[in-house]
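Work through the exercises below with the sequence and the 3D view open. Try each task before you read its solution.

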Protein chains: 2
Amino acid sequence: MSDKERLVLALAGGVGGAKLANGLAGVLTPEELVIAVNTGDDFEHLGMHISPDLDSVMYRLAGLNDTARGWGVKDESWQFMAALGALGGETWFNLGDRDLATHVERTRRLAAGDALSSVTAALCSALGIAHTVTPMSDEAVRTFVLSGGLRIPFQRYFVEQNCKPVSDGFVFDGSEEAKPAPALATALAAPELAAIVICPSNPFVSIRPILSIPAVSQALARRRVPVVAVSPLIGGAAVKGPAAKMMAEQGLPVSSAGIATAYGDIIDGLVIDSADAGEAATIEAGSVRVLVTETLMQGTEEEERLALSVLEFAAKLRPRGQ
Amino acid sequence: MSDKERLVLALAGGVGGAKLANGLAGVLTPEELVIAVNTGDDFEHLGMHISPDLDSVMYRLAGLNDTARGWGVKDESWQFMAALGALGGETWFNLGDRDLATHVERTRRLAAGDALSSVTAALCSALGIAHTVTPMSDEAVRTFVLSGGLRIPFQRYFVEQNCKPVSDGFVFDGSEEAKPAPALATALAAPELAAIVICPSNPFVSIRPILSIPAVSQALARRRVPVVAVSPLIGGAAVKGPAAKMMAEQGLPVSSAGIATAYGDIIDGLVIDSADAGEAATIEAGSVRVLVTETLMQGTEEEERLALSVLEFAAKLRPRGQ
């Protein structure tokens, strides 16, 4: 297969996902890559439609992400939040002054009747992003964390309650009726699709919402191309976020082997960190091929190096049953 | 009449109105003053409900107004606007980062079903304002500038087109059906009402929208208390805004005498600046009493001094026909 015909589909959510997505965008042309992003943690707040994972990917690809804080926009200021607090407004979700522009403009375009994928394309274009970034769906799919009989909206769990509630499970409200966004549907059906890369995102609340869309899981079940995931864990800990805590709560080993178990039949290969090399044999016994490499990404160079390793690994794999 | 029984109703709009309102609040107790503010130039923008005149009054009374710029909040920053511009958003109306919090919180409360007067009371309370600030109405009244057959929404005329179109007239859409907000209605009917003060605001687009509400004009027509206006012109020029230009376009003398003509039977007294002392005789010939004093307000002291002069002047007047 020539480079011209190659298409890679990346599934991403969260900051780790944004990093590998940026690495892939650095080594693949805009024609070779589609980045489909979790919108399960989108929510309406203060009258605005907020898409945290789309923003993480968009800001990273535009070079606008804040590396010290790990989320949001660099050179950010917080005058809006300070003034909102003085007015007695809701301040549990931090909104930077520059970041606000994204939410206001997205909300304005959605209210004008544009689909979320069209809005995302317009925002990315304005920020000079040439690669395709698409929400997983134009329809609303909303993640809830189940905890002791409660059904907690994801951002309330993640931000307001700082991931403290014990997760008994997850609900992706609306997913049964949701269709993949046009660019994702096209990529899944494309004859030139060569690999699907699951970025080092949280399997439960970043990737599963994407897989919860029936047409996506069906396409993956009958896939003709390898699916490679990158483990978000290094040495039994998540680089960022509640993945390790959730694994323990789901009764899974808190390890890259546990990640392989969490993905099950969906993946053909798993990329794990050198720190976890000892787990490779266990994972391969479960018929998932393993690539051991450095998975920590602390800048563009490491993002692109990992992206190349993942693509080379995927090129050697065949999907299950073939 | 004892101080306890005195109630003063101020009608205000714009920056000049906010200044005298602040002066009145400095010399009257919260029980003695109701400030009713023009909402004809309210508009929906980027999904937010913006009330420029309410904000001018609220920021001035809270001591948050920017004195150098003349509008908006002090210590303001513009990160949101810069980011919105980068996204290709609408940037013709300047929204500072701190100011944004007011619009977002007001919009959130309105969307939750609160009346604009309740929202205004809550915002003022949060900012430590003890005096009553009320929108003229809880219903939408929208000012349009008529110009050469066009009907231009006020903020488009005022901000986007920088007041350049020639004004043939004004329309206050919705005013026929609008009721005064509760605090304004109560003040108009209060037995202890002692005076109505029309602040040095634009007669056409700040005060007329208030008077365009039938119950307000009816109450003023059968008034038992004097109405005193402060001229917004000094030496034939407006301190700020398009009042002088509009007067010329309406065929009125661009002078405090022209202001008296613009208000007609509505006022019993007019306060004019010492620079315009020569006009006093002309105005009094039209049966409006005149007070000549310094009307330029460049700080709290001058605002309060003018407020006291206006109140003393009003106390000596009788309403027409009595």
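The exercises that follow deal with a predicted model.

**Exercise 1. The two copies**

Find the operation that superposes chain A on chain B, and name the kind of axis.

Solution.
- Step 1. Take the rotation. It is 180°.
- Step 2. Check the shift along the axis. It is 0.0 Å, and the RMSD is 0.0 Å.
- Step 3. Name the relation. It is that of a two-fold axis.
- Step 4. Locate the axis in the chain. In chain A, D97(A) has the C-alpha nearest to it, at 3.0 Å.
- Step 5. Compare the two contact surfaces. Of the contact residues of chain A, 100% recur in chain B, so the same surface serves both copies.

**Exercise 2. The interface**

Describe the contact between chain A and chain B: its residues, its area and its polar links.

Solution.
- Step 1. Count residues. Chain A brings 26 residues into contact with 26 residues of chain B.
- Step 2. Take the area. About 2,200 Å² is buried between the chains, and carbon and sulfur atoms give 66% of it.
- Step 3. Look for charge pairs. There are zero salt bridges between chain A and chain B.
- Step 4. Look for polar contacts. Six residue pairs across the two chains make them, both residues being at pLDDT 80 or more.
- Step 5. Find the elements. On the side of chain A that touches chain B, α3 (79–86), α4 (97–111) and α5 (116–126) each give two or more residues.
- Step 6. Pick the main contributor. α4(A) gives the most, with nine residues.
- Step 7. Sort by class. This side of chain A has 13 nonpolar, five polar and eight charged residues.

**Exercise 3. Two loop residues**

Decide for S51(A) and for D268(A): buried or exposed? Then list what each touches.

Solution.
- Step 1. Place S51(A). This residue lies in the loop between β4 (48–50) and α2 (52–61) of chain A.
- Step 2. Apply the cut-off. Buried means under 20% relative accessible area. S51(A) has 0%, so S51(A) is buried.
- Step 3. List its contacts. Beyond four places in sequence, S51(A) touches D42(A), R106(A) and L116(A).
- Step 4. Add the polar contact. The side chains of S51(A) and H49(A) are joined at 3.2 Å.
- Step 5. Place D268(A). Its loop runs between α11 (256–263) and β13 (269–273) of chain A.
- Step 6. Use the cut-off again. D268(A) has 3% relative accessibility and therefore counts as buried.
- Step 7. Name its contacts. Beyond four places in sequence, they include V225(A), V288(A), L317(A) and R320(A).
- Step 8. Add the polar contact. The side chain of D268(A) meets that of R223(A) at 2.9 Å.

**Exercise 4. A helix and its cover**

Which residues of helix α9 of chain A are buried, and what covers them?

Solution.
- Step 1. Scan residues 214–221. The buried ones are P214(A), V216(A), A219(A) and L220(A).
- Step 2. Look around them. The cover includes α7 (182–189), β9 (193–198), α8 (203–211) and β10 (227–230) of chain A.

**Exercise 5. Salt bridges**

Compare where the partners sit in the pairs E249(A)–K245(A) and R60(B)–E303(B).

Solution.
- Step 1. Take the total. Over all chains, the structure holds 24 salt bridges.
- Step 2. Take the pair in chain A. The closest N and O atoms of E249(A) and K245(A) are 2.6 Å apart.
- Step 3. Explain the spacing. The two residues are four residues apart in helix α10 (residues 243–249) of chain A, so about one helical turn separates them.
- Step 4. Recall the general rule. An α-helix has 3.6 residues a turn, so residues three or four places apart point the same way.
- Step 5. Check exposure. E249(A) is partly exposed at 23%, and K245(A) is partly exposed at 30%.
- Step 6. Take the pair in chain B. R60(B) and E303(B) form a salt bridge with closest N and O atoms 2.9 Å apart.
- Step 7. Place the partners. R60(B) is in helix α2 and E303(B) in helix α13 of chain B, 243 residues apart, and the pair links distant parts of the chain.
- Step 8. Check burial. Both R60(B) and E303(B) are buried.

**Exercise 6. An unusual angle**

What is the sign of phi at N162(A)? Is the residue buried or exposed?

Solution.
- Step 1. Read phi. At N162(A) the value is near 50°, which is positive, and the residue is not glycine.
- Step 2. Place the residue. N162(A) is in the loop between α6 (154–160) and β8 (169–173) of chain A.
- Step 3. Judge exposure. N162(A) has 51% relative accessibility and so counts as exposed.

Terms used:
Residues are numbered from 1 along each chain as its sequence is written. Chains are lettered from A and ligands numbered from 1 in the order in which they are written. This is a predicted model: local features need pLDDT of at least 70, side-chain atom pairs count only at pLDDT 80 or more; totals for chains, interfaces and linings use all residues. Side-chain values use heavy atoms; hydrogens and water are left out. Copies are superposed by least squares on the C-alpha atoms of residues with pLDDT of at least 70 in both. Contact means heavy atoms within 4.5 Å. Buried area is the accessible area (1.4 Å probe) that two parts lose on being put together, summed over both. A salt bridge is a side-chain nitrogen of Lys or Arg within 4 Å of a carboxyl oxygen of Asp or Glu. A polar contact is a pair of N or O atoms within 3.5 Å; within protein, one must be able to donate a hydrogen and the other to accept it, and residues adjacent in sequence count only if both atoms are side-chain atoms. Ala, Val, Leu, Ile, Met, Phe, Trp, Tyr, Cys and Pro count as nonpolar, Asp, Glu, Lys and Arg as charged, and the others, Gly among them, as polar. Buried means under 20% relative accessible area, exposed over 50%, partly exposed in between (1.4 Å probe, protein chains only).
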